[in-house]
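Colleague: I am new to this structure and would be grateful for a guided reading. Could the discussion proceed by question and answer?

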Amino acid sequence: MNVSRGRLLACLVMPLLAACSAEPSGPVAAAPVTYSCCEARDVDRLYQPGQTLTVHWTVESPDEPGGTPPQVELTARLTGPFATVGDLKAATEGTVPGLVTFAAAPVRPSGAPDERPVSTIVIGQEAKPGYYNLVTSLVDNDNTASGGESVVQVVPRP
């Protein structure tokens, strides 16, 4: 009787243990390539009206390559001026009169591991000195994820 209970228990438990194995039972999707912004040298400097801000996107590739590269669009825009960094952080875009926005053309990277996408924003000649909010985002299958925000300072031309 003890042996038959043991066999019955083994018959019930073995399929469950097999289902918990570390080996995948079917095809596994590759981890996606991800993008983040920016390099410190992009924002940690002073800009003047008429200059170009180059946003260097950081590419993080999966440990194991494979799968289909994502179809994403990287965007960047610069909005300001704000008198202080505190004003910039306290403001909501569109509620402050006199703001201007300079935007980069969307970038559609291929997803290649060695790719180094960049966005370029031409700061207009009419840009007033002050602090500008650099907002980056990633659009993937109509879903938008904010890439982050940084503060960029525009100073008067000498």
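The exchange below moves from the chain as a whole to single residues.

Modeller: This is a predicted model, in which local features need pLDDT of at least 70 and side-chain atom pairs count only at pLDDT 80 or more, while totals for chains, interfaces and linings use all residues. Residues are numbered from 1 along each chain as its sequence is written, and side-chain values use heavy atoms, with hydrogens and water left out.

Colleague: In what order do the elements of the protein chain run from the N terminus on?

Modeller: Helices (H or I, at least four residues) and strands (E, at least two) are DSSP runs, numbered from the N terminus. The protein chain has 3 helices and 8 strands. From the N terminus on, their order is α-β-α-β-β-β-α-β-β-β-β.

Colleague: What percentage of the residues of the protein chain count as buried?

Modeller: Buried means under 20% relative accessible area, exposed over 50%, and partly exposed in between (1.4 Å probe, protein chains only). The protein chain exposes about 10,200 Å², of which carbon and sulfur atoms supply 56%; accessible areas come from the Shrake-Rupley method with a 1.4 Å probe. Of the 158 residues, the share that count as buried is 29%.

Colleague: Which residues of the largest nonpolar core touch the most other members?

Modeller: A nonpolar core is a set of buried Ala, Val, Leu, Ile, Met, Phe, Trp, Tyr and Cys residues joined through side-chain atoms within 4.5 Å. The largest such core has 24 residues, and those touching the most other members are Tyr-35, Leu-53, Leu-78, Ile-121, Ile-123 and Leu-134.

Colleague: Which strands each supply at least two residues of this core?

Modeller: The strands in question lie at several places along the chain, among them strand 1 (34–37) and strand 8 (143–154). The full set is strand 1, strand 3 (52–60), strand 4 (72–82), strand 7 (130–140) and strand 8.

Colleague: Which are the edge strands of the open sheet with the order 1-3-6?

Modeller: Two strands pair if DSSP finds at least two bridges between them. In this open sheet of 3 strands the pairing is antiparallel, and strand 3 and strand 6 are joined over 5 bridges, with Thr-54 opposite Thr-120 in strand 6. An edge strand here pairs on one side only, and the two that do so are strand 1 and strand 6 (118–122).

Colleague: Is strand 4 largely enclosed or open, and how many of its residues are buried?

Modeller: Strand 4 pairs with strand 7 in the antiparallel sense over 9 bridges, and 4 bridges join strand 4 to strand 5 (residues 100–103), also antiparallel. Strand 4 is largely enclosed by the rest of the structure because the number of its 11 residues that are buried is 8.

Colleague: Which residue is the bridge partner of Leu-78 in strand 7?

Modeller: Strand 7 is itself largely enclosed by the rest of the structure, since 8 of its 11 residues are buried. Along its pairing with strand 4, Glu-73 stands opposite Val-139. For Leu-78, the bridge partner is Leu-134.

Colleague: With which side chain does the side chain of Thr-75 make a polar contact?

Modeller: Thr-75 is found in strand 4. Leaving aside neighbours within four places in sequence, Thr-75 is in contact (heavy atoms within 4.5 Å) with Trp-57, Pro-106, Val-135, Thr-136 and Ser-137. A polar contact is a pair of N or O atoms within 3.5 Å; within protein, one must be able to donate a hydrogen and the other to accept it, and residues adjacent in sequence count only if both atoms are side-chain atoms. At 2.5 Å, the partner of the Thr-75 side chain is the side chain of Ser-137.

Colleague: Which residue does a cis peptide bond join to Gly-80?

Modeller: The bond has an omega of about 5°. The residue joined to Gly-80 has its place in strand 4, and it is Pro-81.
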